[in-house]
Amino acid sequence: MPAPLLLLLLLVLCCNGAAAAKAHSDSLHLELVRRPPSPSATTRLDLLRELYRSDQLRQRMISQSIGQRRHGRRPLQAPAASHNDSQPAPAPAEESFAMPLTSGAYTGTGQYFVRFLLGTPAQKFLLVADTGSDLTWVKCHRPRGCRRCGRGRFFRPRASTSYAPIRCSADMCKSALPFALATCPTPASPCAYNYGYSDGSMAKGVFAQESATITVSRGARRRKLGGLVVGCTTSSVGSSFRASDGVLGLGYSAVSFAARAAAGFGGRFSYCLVDHLSPRNASSRLTFGPTPALSHPALPPPRATELVLDARLQPFYAVRIDGVSVDGELLPIPSSVWDAARGGGAILDSGTSLTVLAEPAYRAVASALSRRLGGVPSVSVDPFDHCYNWTAAGPAAEVPKLVLHLAGTARLEPPAKSYVIDVAEGVKCIGITSAPWPGVSTIGNILQQEHLWEFDLQNRRLRFRRSTCRSI
């Protein structure tokens, strides 16, 4: 996962809450697009090495964030709606809004991007869509002549009639955004943030309430979605912020975009991630509301499991894993690895690329896969532990079948390319990495690719099915 997502994750530490979604014939579509490769990532292996590095940094932040919650930091409370921006009336059950989603491989990052309209009149931005972040933020206008403002577009608060700064005296700043209080010298001061990252990046800004423009599918009508908490980043330094104009927070939090957008659309949202190496013109959708593709009469019913909205794991969405099997063999992984109450747990994170397993699970999975691939000539490819000369293996070489057994009867059976990945011409590696134990495991976007996922926050259910994502 690329550096821009490091910012997402740090902002993740800011808030917590839940999201709800809208229905199908009226849809808001935000386009998720991956950005073009940076000069430093000119080959597939260069890109994967950057993703590996970024994922490790992000996983460290995830562990720190969850660790703080597990050791007594109370979950953030949902802010009360302002008198100007009360929650919208629920939409008819058949309505939804969606945003086009695209892989950002062409940008050299491991994220997915969405096109977003913010302010009144609307200003256009390209944001990272991140289920591991609960704060939506954009780069803001800087004075002329600024040499360290970075690339991309800048939001102009003064050009928006719906922009409303949040002051330190506001209840929202005191309760919902407590991380901002360190930069509140007086009650009249702006509620501000100043974040530093493990890779040396930094972002400063102030919080505000704003409106976004969405397109409802029924009749392709445009409407305003008000009362959004956004961050106006006025200063950023470091590579983490070069690939996007900001972040779209889809995490489990009262102040996330997901919470606000889903509130009037059935309490659910869904997305389908195209192959992470797809060309720029291959897109799917991030949808708030019912997802018709999950209830198509000609298709078998989707798989379903409990969506764990655990305060100890906020703002991340978690699932309960009963076990992992390889070619039908259930692996000897301690149950504590999947138990949030015992220092483990598993989250779904669209902002992490490679799947990261806590050490006991990683050892078992990597060992089982590598044993079955023992007949394929091995090669050394840094930073991966197990890589193979697939060309020398011949056409008979097969990838073992990996299955994640989720709570209930749901089974996640990812395509082989999602866990034994191509890193160079004729070379494949086990694309799963390890994290310290105790600690959480992260199901990244490569393992999630080519699946349609629905997060039903209202009923705490996760539904999914295999899909090419091209018709979503």
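Begin by selecting Phe257 and Phe288, which touch the most other members of the 82-residue largest nonpolar core; such a core is a set of buried Ala, Val, Leu, Ile, Met, Phe, Trp, Tyr and Cys residues joined through side-chain atoms within 4.5 Å. Next colour helix H5 (residues 359-372), from which the largest share of this core, seven residues, comes. In soluble globular proteins, nonpolar side chains tend to be buried together.

What you have open is a predicted model, in which local features need pLDDT of at least 70 and side-chain atom pairs count only at pLDDT 80 or more, while totals for chains, interfaces and linings use all residues. Residues are numbered from 1 along each chain as its sequence is written, and side-chain values use heavy atoms, with hydrogens and water left out.

**Aromatic rings**

Keep Phe257 and Phe288 selected and add Phe97, Phe116, Tyr252, Phe265, Phe269, Tyr271, Tyr317 and Phe455, which together with them form one aromatic cluster. Across the whole structure a search finds 15 aromatic pairs, where rings of Phe, Tyr and Trp (its six-membered ring) pair if their centres lie within 6.5 Å. Then move to Trp390, where the charged end of Lys428 sits over the ring at 5.6 Å from its centre; the term requires NZ of Lys or CZ of Arg to be within 6 Å of the ring centre and within 35 degrees of the ring normal.

**The largest cavity**

Select Val324, Trp338, Thr355, Leu357, Val365, Leu402, Leu404, Ile432 and Leu447, the residues that line the largest cavity. Its volume is about 50 Å³, and a search of the whole structure finds four cavities of 30 Å³ or more. A cavity here is a set of points on a 1 Å grid over the protein atoms alone where a 1.4 Å probe fits but cannot get out, and lining residues have an atom within 4 Å of a point; a volume is the space filled by probe spheres set on the points, which are joined across faces, edges and corners. Strand E17 (355-358) and strand E20 (402-406) each supply at least two residues of this lining, helices (H or I, at least four residues) and strands (E, at least two) being DSSP runs numbered from the N terminus.

From the lining, pick out Leu447, which is in helix H7 (residues 445-448). Leu447 is buried, with a relative accessible area of 3%; buried means under 20% relative accessible area, exposed over 50%, and partly exposed in between (1.4 Å probe, protein chains only). Measure from Leu447 to Pro415, 32 residues apart in sequence, and the C-alpha to C-alpha distance is 8.1 Å.

**Loops and backbone**

Go next to Gly264, in the loop between helix H4 (257-262) and strand E10 (268-272), where the glycine is buried at 3% relative accessible area.

For cis peptide bonds, select Gln314 and Pro315, joined by one with omega of about 5°, and then Asp382 and Pro383, where omega is near 10°. Pro315 lies in the loop between strand E12 (303-306) and strand E13 (317-319), and Pro383 in the loop between strand E18 (378-379) and strand E19 (387-389).

Finish with positive phi values in residues other than glycine: Asp327, with phi near 50°, and Arg460, with phi near 55°. Asp327, in the loop between strand E14 (321-326) and strand E15 (329-330), is partly exposed at 45% relative accessibility. Arg460, in the loop between strand E26 (451-456) and strand E27 (461-466), is partly exposed at 42%.

Key
On a 1 Å grid over the protein atoms alone, a cavity is a set of points where a 1.4 Å probe fits but cannot get out, and a pocket is an open set with protein on both sides within 12 Å along at least five of seven lines; lining residues have an atom within 4 Å of a point. Rings of Phe, Tyr and Trp (its six-membered ring) pair if their centres lie within 6.5 Å; planes under 30 degrees apart count as stacked, over 60 as edge-to-face and the rest as tilted.
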